[in-house]
Amino acid sequence: MTTMDAPALPARGSCAGHAVHSAIPFRILREGIGGRPLAIRRTAGSEPEGALLARWEPRDGNPFHGRLLRTGTTFAFWASDAGWFLVAPAEPSITLAGDAQPLTLTAEVRLFGVPATLVAMEQGDVCLHASAVEIGDRAVLLVGPSRHGKTTLAAAFAAAGHRLLTEDMTRCTMSGDTPAAFPGPAVVRLRPDVAE
């Protein structure tokens, strides 16, 4: 499938600068279909093979672990809580490997982490591990290590009436006259110890 084929799939909404086209229903997309087309689909298949590029290990309070492989001109990303994502940045497309069950919320959010970041990089943009809120007409990025309050602070700004753009990964672009940050998944994941 190429970018030209993406509009043949149903338009679902937008996220992180992508106009998402997929037969898969999503819960975390923004309304409207603005952005560059991104095809998201499913396939059955075996575990991909490739050169290991990165590995994520569990940490205190975060049992997530994962791997990123290069598979020729594409990538394969495995997340312990979501399974395999096959990423073809040049098309661009992301294929979820596995059965046809509805996506979990975790899998939806993971899709717009590392897999969507690989597509954004191909398109000349950068993604930062940061929350972002809109204050006035500007995006304010909240950057810091994991478990240091980025999402909590962003949620506090949202509770005070500011627009939450993203709570974990922010795609930024320098194309055009001014830098811009794209709204990410429409979700806020707060740890139980800070939710109140």
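These legends walk through several close-up views of a predicted model.

**View 1. Eight strands side by side make an open sheet.** Welcome to the sheet, where the strands follow one another in the order β1-β2-β3-β8-β7-β6-β5-β4 and the pairing is mixed. The edges belong to β1 (11-15) and β4 (51-56), each of which pairs on one side only. On average, and with direction ignored, neighbouring strands are turned by 20 degrees against each other.

**View 2. At one edge of the sheet, β4 runs antiparallel to β5.** Strand β5 covers residues 66-71, and five bridges join β4 to this strand. To find your way between the two, start from Leu52 and look for its bridge partner in β5, which is Leu69.

**View 3. Helix α2 lies across several strands.** Those strands are β2 (18-22), β3 (36-43), β4, β5, β6 (74-79), β7 (83-88) and β8, and the helix runs at about 10 degrees to β7. Which residues of helix α2 are buried? Within residues 114-122, they are Pro115, Ala116, Thr117, Leu118, Val119 and Ala120. Once you have passed the end of α2, look for Gly124, where phi is positive at about 90 degrees.

**View 4. Thr117 is a residue of helix α2.** Is Thr117 buried or exposed? Its relative accessibility is 13%, so Thr117 counts as buried, the cut-off for that word being under 20%. Setting aside residues up to four places away in sequence, Thr117 touches Cys127 and Met169. Pro183 is 66 residues from Thr117 along the chain, and the C-alpha atoms of the two are separated by 14 Å.

**View 5. A single cavity of 30 Å³ or more turns up in the whole structure.** A little background helps here. Rolling a probe the size of a water molecule over the atoms shows where empty space is left. The largest cavity has a volume of about 40 Å³. Around this space stand Ala16, His18, Phe112, Ala116, Thr117, Ala120, Cys127, Met169 and Arg171. Two elements, α2 and β12 (169-173), give two or more residues to this lining. With three residues, α2 gives the most to the lining of the largest cavity.

**View 6. Ala16 sits in the loop between β1 and β2.** This residue is one of those lining the largest cavity. Its phi is near 55 degrees, a positive value in a residue other than glycine. Ala16 counts as buried because its relative accessibility is 10%.

**View 7. Between Glu91 and Pro92 the peptide bond is cis.** Omega is about -15 degrees at this bond. Where is Pro92 placed? You will find Pro92 in the loop between β7 and β8. Glu91 also takes part in a polar contact of 3.0 Å, in which its side chain meets that of Ser93.

**View 8. Ser93 belongs to strand β8, which covers residues 93-97.** With a relative accessibility of 2%, Ser93 counts as buried. Which residues is Ser93 in contact with, leaving aside neighbours within four places in sequence? They are Leu38, Ala39, Arg41, Leu86, Val87 and Ala88.

**View 9. β9 and β10 form a hairpin.** Six bridges join strand β9 (residues 126-135) to strand β10 (residues 138-143), and the two run antiparallel. Ile135 stands opposite Arg138 in β10. Two residues lie between the strands, and Gly136 in the turn has a positive phi of about 70 degrees.

**View 10. The largest pocket holds about 1100 Å³ of space.** How many residues line the largest pocket? The lining has 35 residues, and those nearest the centre of the pocket are Asn62, Arg110, His129, Asp168 and Arg189. The elements that give two or more residues to this lining are α1 (105-111) and α3 (150-159). Of the elements around the largest pocket, α1 gives the most, with four residues.

Notes. Residues numbered from 1 in each chain as written. Predicted model: local features only at pLDDT ≥ 70, side-chain atom pairs only at ≥ 80, totals over all residues. Heavy atoms only, no water. Buried < 20%, exposed > 50% of the residue type's maximum accessible area, 1.4 Å probe, protein only. Polar contact = N/O pair within 3.5 Å; in protein donor to acceptor, adjacent residues only side chain to side chain. Contact = heavy atoms within 4.5 Å. Pairing = 2+ DSSP bridges. Axes fitted to C-alpha atoms, helices over the stretch in contact; angles between N-to-C directions. 1 Å grid on protein atoms, 1.4 Å probe; cavity = no way out; pocket = protein on both sides within 12 Å on 5 of 7 lines; lining within 4 Å. Points joined across faces, edges and corners; volume = space filled by probe spheres on them.
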